[in-house]
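Okay, thanks everyone for squeezing me in. I've got one structure to show, so let me put it up and then we'll walk through it.

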Amino acid sequence: MSPIRPQMKYRQIDRITSLEPGKRLTAERTLRADEEYLHDHFPCFPVMPGVLMLEALHQAAVWLIRTGDNFQSPLVLLRETRGVKFGDFLSPGETLLITVESIKEEGNRTTVKASATKEGRVTVSARLILERCSTGDPEEIGTDGQVRELVQSQFRELFGDVAVCD
C-alpha cells in the first residue's frame with residue numbers, strides 16, 4: 001500500500017506565532033505579489049479573495065484542534081461558519097494576524113472564535129464549527145494512522161516544533 005500524500009496547494013498560514021494546544025493559536029499570513037490568483041482578483045487592484053482569508057482562519061483552527069488532541073483525530077472537518085464578516089482588503093505585502101480560540105466543545109465538535117487583522121483593523125471574523133473524526137476506513141487498512149503521521153509531519157515541516165505534544 002502506498003502512503004497517503006495529499007498536497008495543500010493554497011496554504012494560508014506562513015507561521016504560528018503562539019500556541020496553547022486546543023485553546024488558542026496566533027499565526028501570520030503575508031500576501032505575496034506573485035500569488036497565482038492575484039492576476040484575476042482583481043486586475044490593477046490585486047487583493048486576497050475573501051474566501052481565502054476565511055480559509056486562513058479555517059486552517060489555523062484545524063491546527064489548533066489537531067495540536068489540542070495531540071494529532072489523534074485524523075480528520076478535522078469544517079461543519080459550519082457563523083457570523084462571517086469582512087472588514088478590509090489585504091493587498092500584496094500586507095500581513096494578516098490571525099487569532100483562533102476554542103470557545104466550546106461538545107463531543108467531537110469544537111466551536112472556534114476566529115479573526116484576522118491587519119494594522120489593527122479586522123479583515124475577517126467568524127465563528128467556525130469543526131468536527132474531529134476518523135476516515136471511516138476499516139482499522140486494518142491503517143488509513144487513520146497514516147493520516148495522523150502525515151499531518152503531524154506536515155505541522156513540523158511547516159512550523160517546526162512549536163509546542164507539539166509528543
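I'll start with the sheet, go on to the helix, and finish with the salt bridges.

One thing up front: this is a predicted model.

So, the sheet. There are six strands in an open sheet, and the order is 1-2-4-5-6-3, with antiparallel pairing. Which strands stand at the edges? Those are strand 1, residues 15-20, and strand 3; each has a single partner strand, so one side of each has no neighbour in the sheet. Going from one strand to the next, the twist averages 20°.

Let's look at strand 3 and its partner. Strand 3 is joined to strand 6, residues 121-133, by nine bridges, and the two run antiparallel. If you want a spot to click on, take Val-76: its bridge partner in strand 6 is Arg-132.

Now the helix. Helix 1 covers residues 50-68, and it lies across strands 1, 2, 3, 4, 5 and 6. Relative to strand 6, helix 1 runs at about 45°.

On to the charges. How many salt bridges does the structure hold? The count is 13, and I'll pick out a few.

Take Glu-35 and Arg-29. Their closest N and O atoms are 2.8 Å apart. Are these two buried or exposed? Glu-35 is buried, with a relative accessible area of 6%, and Arg-29 is buried too, at 2%. The cut-off for buried is under 20%, so both values qualify.

Next up, Lys-118 with Asp-88, where the closest N and O atoms are 3.8 Å apart. Lys-118 sits in strand 5, residues 109-118, while Asp-88 is in the loop between strand 3 (75-86) and strand 4 (95-106), so this pair ties together parts that are 30 residues apart in sequence. As for burial, Lys-118 counts as buried at 5% relative accessibility, whereas Asp-88 is partly exposed at 22%.

Then there's Arg-121 with Glu-119, with 3.7 Å between the closest N and O atoms. Here Arg-121 is partly exposed, at 39% relative accessibility, and Glu-119 is exposed, with a relative accessible area of 62%. And which residues end up in one network through shared salt-bridge partners? That would be Asp-88, Glu-94, Lys-118, Glu-119 and Arg-121.

That's my tour, so feel free to grab the mouse and poke around.

How values were computed. Residues numbered from 1 in each chain as written. Predicted model: local features only at pLDDT ≥ 70, side-chain atom pairs only at ≥ 80, totals over all residues. Heavy atoms only, no water. Salt bridge = Lys/Arg side-chain N within 4 Å of Asp/Glu carboxyl O. Buried < 20%, exposed > 50% of the residue type's maximum accessible area, 1.4 Å probe, protein only. Helix = DSSP H or I, 4+ residues; strand = E, 2+ residues; numbered from the N terminus. Pairing = 2+ DSSP bridges. Axes fitted to C-alpha atoms, helices over the stretch in contact; angles between N-to-C directions. Contact = heavy atoms within 4.5 Å.
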